[in-house]
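Thanks for coming, everyone. Let me put the model on the screen, and then we will walk through it together.

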Amino acid sequence: MDIPGIEVRPLKTMTGHAEFNETFFTNVRVPVDQIVGQRGQGWFVANATLGHERGMLGDPDALENRLQALIGLMQQESIGEGRAIDNAVLRDRLVALQAEVTAMKCNGMRILSNSLKGEPGGMAKLIVKLQSCEVAHQISALAIDAMGEMGILYHRSPRERDGGAWQWNYMFQLGLIIGGGTAQIQKNIIAERGLEMPREPKLARISDEAKGAAGMQTDRQGAA
Amino acid sequence: MDFGLSQDQQILRDAVARCLADTSPLEHVRECAGRDNPLSDTIFGALHDLAVPAMLVPEEHGGLGMTLLDAAVVAEQLAYAVTPAPFLASVVLAPIALSEAGTNKQKCQWLPKIARGEARIGVAISATVQARDGAGVQFVEGKLSGTALFCLDFEGADAYLVADAGGRLHLVPALASGLKATRLTTIDRTRSVGELSFAAVETDPLADDGGTASARLRDAGRVILAADSLGAGQAMIEKAVDYAGQREQFGRPIGSFQAVKHMCAEMAARHEPCRALVWYAAHVFDALPEDASLAACHAKSLTGDVHRFVARTATEVHGGMGFTDLLGLHYWFKRIGFDRQVLGGPEAVRAEAAALQGWTRAA
């Protein structure tokens, strides 16, 4: 990263922090032995990275950690004389999310077992990113709701809970729903690769010749 | 660790699926669903040939001594073919109750017959979950009085297992004096349920275990209903995907439109984790009993919600055709509706799950 011509600008997000950067390359010379994969295989390499990114975003143990933190919060947070967890509606949402997290953990063990046997992950794997990010976002949403007005405190305010982590997570996890292949792209992948549903018709595609003329990658997977 | 179905379980699944593809085609389901007693003797006979009734009967009583996970594998296939056959009460719950809490005499009298497909027992434990309409059965001076609703596998039962107000189970012959049995008609015409009224009926009680056995039945019943919901949901998703691939509009299959494609993807995304959860809940019923109740609650409530969404969405993908009787899609829709309500809907089951974890303050 210290090669001349690389400029990194922190990219501030809706959370108020800079979780990633814009990176500009101006005539950067990269030695041939530092190419990852082969020349012209950038899309393949990037896609492999995206695959790992999706797997990481869908980590069921991370969901379990957030859920345990939420349970702790709801047992501590007071509403009048009672606790947040004593509220039947909030508690019902909590148990519903616990069931979702348990299902994702079981799903994760199923994928792991398949992978150890050298079998494909199939649908169980295709749905992980979409489902996990959704469940994670709902966990943060419930935490904010359980805090009531306290839920809006942020920016190191007095009385802020957990260093503003729940609000930060609520926003950051929306970013994760979008990043690593948006939820809508995940649904295309689940439908087309998992359910083998028909792809978009040819008329709506940019023809390969047109792509070639524009110097674009012609692999159809470019859509993913 | 190996989280998945064993090779034997995969063979069982495929054998039951083949059997039902032959014996439970939609025409036969329609014919059965039009009758007062929908339970099909032909299908039950074919399942008997596969030794399904013997699955959960212990080996010393002439059964196969299999596990709840094996039964869940079968339940999924039964629902996939909307099979009108007795299963939940007579093949799963009755053998578990008798094995875990029956007297030696009860075991010897009933278990071998259940295994041979010669006796069927209906099960009425609904009041231990939520009593409605003042239902409940009292055990006073050796006799039963009161009403038990939603007796499962009702038609053709030779006896009924009934939970009293203290959760103790009782075996009552179908022809017992003072017992009145009335059919209840539900949306799901592939299942048979009824109401039992007792007026000082002689009973043959199972162990006085403080409700342990009826709680086990609740867990097992919820897991099997969740597995049923899973099978019905699987069938509905496949039908929606098939239909969307064939039906054309504006010169292209409707499945190529993202509006339709994304409905199918959402169904699959919510449905698939349920499969692993149902396997887990079924597995811990035998392998890790202290985790069984919570896992059963999770499986029952999650499938209840997810498959309500699947039932509705798969029907919408079919457009007007989904709403008609022509495709018979509604049989799966109604099966899912039944699975959701029976032995506790999602909210009731989640309240129990909260109490199990000490999250509910005693009132």
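In which helix is Arg91(A) found? Arg91(A) sits in α3 of chain A, the helix that covers residues 88–116. Before we go on, please keep in mind that this is a predicted model.

Let's stay with Arg91(A). What does Arg91(A) touch, leaving out residues up to four places away in sequence? From chain A, the list has Met74(A), Ile85(A) and Asp86(A). From chain B, the list has Ala354(B), Trp359(B) and Thr360(B). Now the charge. Arg91(A) is buried, yet this residue has no salt bridge. The nearest side chain of opposite charge belongs to Asp86(A), and that one is 4.9 Å away. The cut-off for a salt bridge is 4 Å, so a pair at that distance does not count.

So what does Asp86(A) pair with? Asp86(A) forms a salt bridge with Arg83(A), with the closest N and O atoms 2.9 Å apart. Are these two buried or exposed? Asp86(A) is partly exposed, at 23% relative accessible area. Arg83(A) counts as buried, at 18%.

Next, the interface. Chain B gives 38 residues to the contact, and chain A gives 41 residues. The two chains bury about 3,500 Å² between them. Of that area, 65% is on carbon and sulfur atoms. Which three residues supply the most on the chain B side? They are Lys261(B), Arg350(B) and Trp359(B). Together they supply 20% of the area that chain B buries against chain A, more than any other three residues. You have met Trp359(B) already, as one of the residues that Arg91(A) touches.

Now the polar side of the interface. Between chain B and chain A there are 7 salt bridges. Over all chains, the count comes to 32 salt bridges. For polar contacts across the interface, the rule finds 12 residue pairs, both partners at pLDDT 80 or more. Which elements of chain B give two or more residues to this side? They are α7 (212–246), β10 (252–253), α8 (258–287), α9 (289–317) and α12 (346–356). The largest share comes from α8(B), with 16 residues. By class, the chain B side has 20 nonpolar, 8 polar and 10 charged residues.

Two salt bridges deserve a look. Take Arg350(B) and Asp92(A) first. Their side chains meet at 2.8 Å, N to O. Arg350(B) lies in α12 of chain B and Asp92(A) in α3 of chain A, so this pair joins two chains. How accessible are the partners? Arg350(B) is buried, with a relative accessible area of 5%. Asp92(A) counts as partly exposed, at 21%.

Then Glu266(B) and Lys187(A). Their side chains meet at 2.7 Å, N to O. This pair also crosses between chains, from α8 of chain B to α7 of chain A, residues 183–194. Glu266(B) is partly exposed at 27% relative accessibility. Lys187(A) is buried, at 13%.

One last stop. Which residues are linked with Arg350(B) in a network of salt bridges? They are Asp92(A), Asp305(B), Arg340(B) and Glu347(B).

To recap, Arg91(A) is buried and has no salt bridge. Arg350(B) is buried too, and its side chain meets that of Asp92(A) in a salt bridge. That is my tour, and I am happy to take questions.

Terms used. Residues numbered from 1 in each chain as written. Chains lettered and ligands numbered in written order. Predicted model: local features only at pLDDT ≥ 70, side-chain atom pairs only at ≥ 80, totals over all residues. Heavy atoms only, no water. Contact = heavy atoms within 4.5 Å. Buried area = accessible area lost by both parts, 1.4 Å probe. Polar contact = N/O pair within 3.5 Å; in protein donor to acceptor, adjacent residues only side chain to side chain. Helix = DSSP H or I, 4+ residues; strand = E, 2+ residues; numbered from the N terminus. Nonpolar A, V, L, I, M, F, W, Y, C, P; charged D, E, K, R; others polar. Buried < 20%, exposed > 50% of the residue type's maximum accessible area, 1.4 Å probe, protein only. Lys, Arg positive; Asp, Glu negative; His and termini not counted.
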